[in-house]
Amino acid sequence: MDRLREEAQVNGPAADAPSVVVLDHGSGNVRSVVRALEAAGARVELTADRERALAADGLVVPGVGAFAATIEQVRAVGGDRIIERRLAGGRPVLGICVGLQILFDEGHEHGERSRGLGQWPGPITRLEAEVVPHMGWNRLEVAEGSRLLRGLEDERFYFVHSYAARSWAMEPIGSMAPPMVTWAQHGGDRFVAMVENGALTATQFHPEKSGEAGGRLLANWLRTLPVAARRGA
């Protein structure tokens, strides 16, 4: 990541670099996400402006803290409608940490249920492990064919969370390629670490805190974006 950041600072973004909006819904620690994306080669803007978020080559939805608070913040800035609109048009979206969790049907925290965005079925529930929160570096059970983790199968990534998607319930739909689901374990509890589902991708871990491996993952994601400048638009 340091090498990528140094190159970005010296050279700046390329003329055909992908444009990425990081959704500014009030979540903490978003500046580190912005810096990591810039270091990976993107032109990045932190905003909740609907038109800019819809026009960007990629949208990143970060999240830290509680499911209920995050989904409320996302809805307050119209982020739910922005995400739905982008996905309806096949425009890439990347969720990070709680930004992954809110994509599921609902979150269960402190005896309460909060409705999520319903892009994927199932609940977000508390990890069943001796030590919670799960905080630290973990290896992954990488999904076969993963594009984002290509060449990173043996790397470790940084997690900070107490809740997770501890099952996967989405059934294949017709001839559509099934989502690629990457898993991780903490204290014997297995949970979803990353999902690659067409235009929608999300990680439970923090790429922006995962050093060189996280930077390479973000660079892999940027390479999947349909950049307008490359299309001659």
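Contact, as the word is used in these exercises, means heavy atoms within 4.5 Å. The structure is a predicted model, in which local features need pLDDT of at least 70 and side-chain atom pairs count only at pLDDT 80 or more, while totals for chains, interfaces and linings use all residues. Residues are numbered from 1 along each chain as its sequence is written, and side-chain values use heavy atoms, with hydrogens and water left out.

**Exercise 1**

Task: Find where Pro-13 is placed, decide whether Pro-13 is buried or exposed, and list what Pro-13 touches beyond its sequence neighbours.

Solution: Begin with the secondary structure, where helices (H or I, at least four residues) and strands (E, at least two) are DSSP runs, numbered from the N terminus. Pro-13 belongs to the loop between α1 (2-11) and β1 (19-23). Next comes accessibility, for which buried means under 20% relative accessible area, exposed over 50%, and partly exposed in between, with a 1.4 Å probe and protein chains only. Pro-13 has a relative accessible area of 51%, so Pro-13 is exposed. Finally, when residues up to four places away in sequence are not counted, Pro-13 touches Ala-42 and Arg-43. Gly-41 lies 28 residues from Pro-13 in sequence, yet their C-alpha atoms are 5.8 Å apart in space.

**Exercise 2**

Task: Carry out the same kind of analysis for Asp-80, asking which helix holds this residue and which residues are in contact with Asp-80.

Solution: Asp-80 sits in helix α5, which covers residues 79-88. Its relative accessibility is 13%, and therefore Asp-80 counts as buried. With neighbours within four places in sequence set aside, the contacts of Asp-80 are Val-74, Arg-75 and Leu-117.

**Exercise 3**

Task: Describe the chain as a whole, beginning with how many helices and strands there are in the chain.

Solution: The chain contains eight helices and 13 strands. Its radius of gyration, taken over C-alpha atoms, is 17 Å, close to the 17 Å that the globule rule (2.2 Å times the number of residues to the power 0.38) gives for 233 residues, so the chain is as compact as a globular protein of that length. Along the principal axes, the C-alpha atoms fill a box of roughly 50 × 40 × 35 Å. Of the 233 residues, 50% count as buried. Among contacts in the chain with a separation of 6 or more, 72% are between residues 24 or more positions apart.
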